[in-house]
Amino acid sequence: MKLLTGLVFCSLVLGVSSRSFFSFLGEAFDGARDMWRAYSDMREANYINSDKYFHARGNYDAAKRGPGGAWAAEVIREDD
């Protein structure tokens, strides 16, 4: 658990190095919301083998937000 917390903290610090902290957090929050929206849409669609499309869409939408969104997409993404 300490290792996971350390890794999250280090990636957060590295991601914030060139931008303000609050804009990074806003982008990360919006990116997480994009990921959640894609997950909700996947559950609502209920199609077999459609999960890769919805995961890719969530990652794309989150990464468009900026470094914070890309960081959130990387942390939340499901390992395939």
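The lining of the largest pocket in this predicted model is made up of 8 nonpolar, 2 polar and 2 charged residues. The space inside comes to about 160 Å³. Of the 12 residues that line this pocket, M35, W36, Y39, H55 and I76 are the ones that lie nearest its centre.

Where does the lining come from? Helices α2 (21-45) and α3 (51-63) each put in at least two residues. The biggest share belongs to α2, which gives 6 residues.

W36 is a good one to click on. You'll find W36 in helix α2, and although this tryptophan is among the residues nearest the centre of the pocket, W36 still counts as exposed, at 56% relative accessibility. The cut-off for calling a residue exposed is over 50%. H55 is also in the group nearest the centre. Measure the pair in your viewer if you like: W36 and H55 sit 19 residues apart in sequence, with their C-alpha atoms 9.9 Å apart in space.

Next, the loop between α2 and α3. Which residues there have a positive phi without being a glycine? N46 is one, with a phi of about 55°, and N46 belongs to the loop between α2 and α3. N49 is another, at about 60°, and N49 is found in that loop too. Both asparagines are exposed, N46 with a relative accessible area of 66% and N49 with 72%. Here they are side by side:

| Residue | Phi | Relative accessible area |
|---|---|---|
| N46 | about 55° | 66% |
| N49 | about 60° | 72% |

On to helix α4, which covers residues 67-76. Which of its residues are buried? They are G68, G69, A72 and A73. These four lie on the same side of α4, because they cover an arc of only 135° around the helix axis. Buried here means under 20% relative accessible area. I76, one of the residues nearest the centre of the pocket, falls within the 67-76 range of α4 as well.

Stepping back to the whole chain, there are 4 helices and 0 strands, so to speak a plain α-α-α-α pattern along the sequence. The chain has 80 residues, and 26% of them count as buried. As for contacts between residues at least 6 apart in sequence, 58% of them join residues at least 24 apart.

How far can you trust the picture? The mean pLDDT of the chain is 80, with 71% of the residues reaching 70 or more. Confidence is highest in α3, at a mean of 90, and lowest in helix α1 (residues 2-16), at 62. Where pLDDT is low, the predicted coordinates shouldn't be read in detail. Keep that in mind when you look at α1, the helix with the lowest confidence in the chain.

Definitions and conventions:
Residues are numbered from 1 along each chain as its sequence is written. This is a predicted model: local features need pLDDT of at least 70, side-chain atom pairs count only at pLDDT 80 or more; totals for chains, interfaces and linings use all residues. Side-chain values use heavy atoms; hydrogens and water are left out. Buried means under 20% relative accessible area, exposed over 50%, partly exposed in between (1.4 Å probe, protein chains only). The arc is that of the directions from the helix axis to the C-beta atoms. On a 1 Å grid over the protein atoms alone, a cavity is a set of points where a 1.4 Å probe fits but cannot get out, and a pocket is an open set with protein on both sides within 12 Å along at least five of seven lines; lining residues have an atom within 4 Å of a point. Grid points are joined across faces, edges and corners, and a volume is the space filled by probe spheres set on the points. Ala, Val, Leu, Ile, Met, Phe, Trp, Tyr, Cys and Pro count as nonpolar, Asp, Glu, Lys and Arg as charged, and the others, Gly among them, as polar. pLDDT is the predictor's confidence in each residue, from 0 to 100. Contact means heavy atoms within 4.5 Å.
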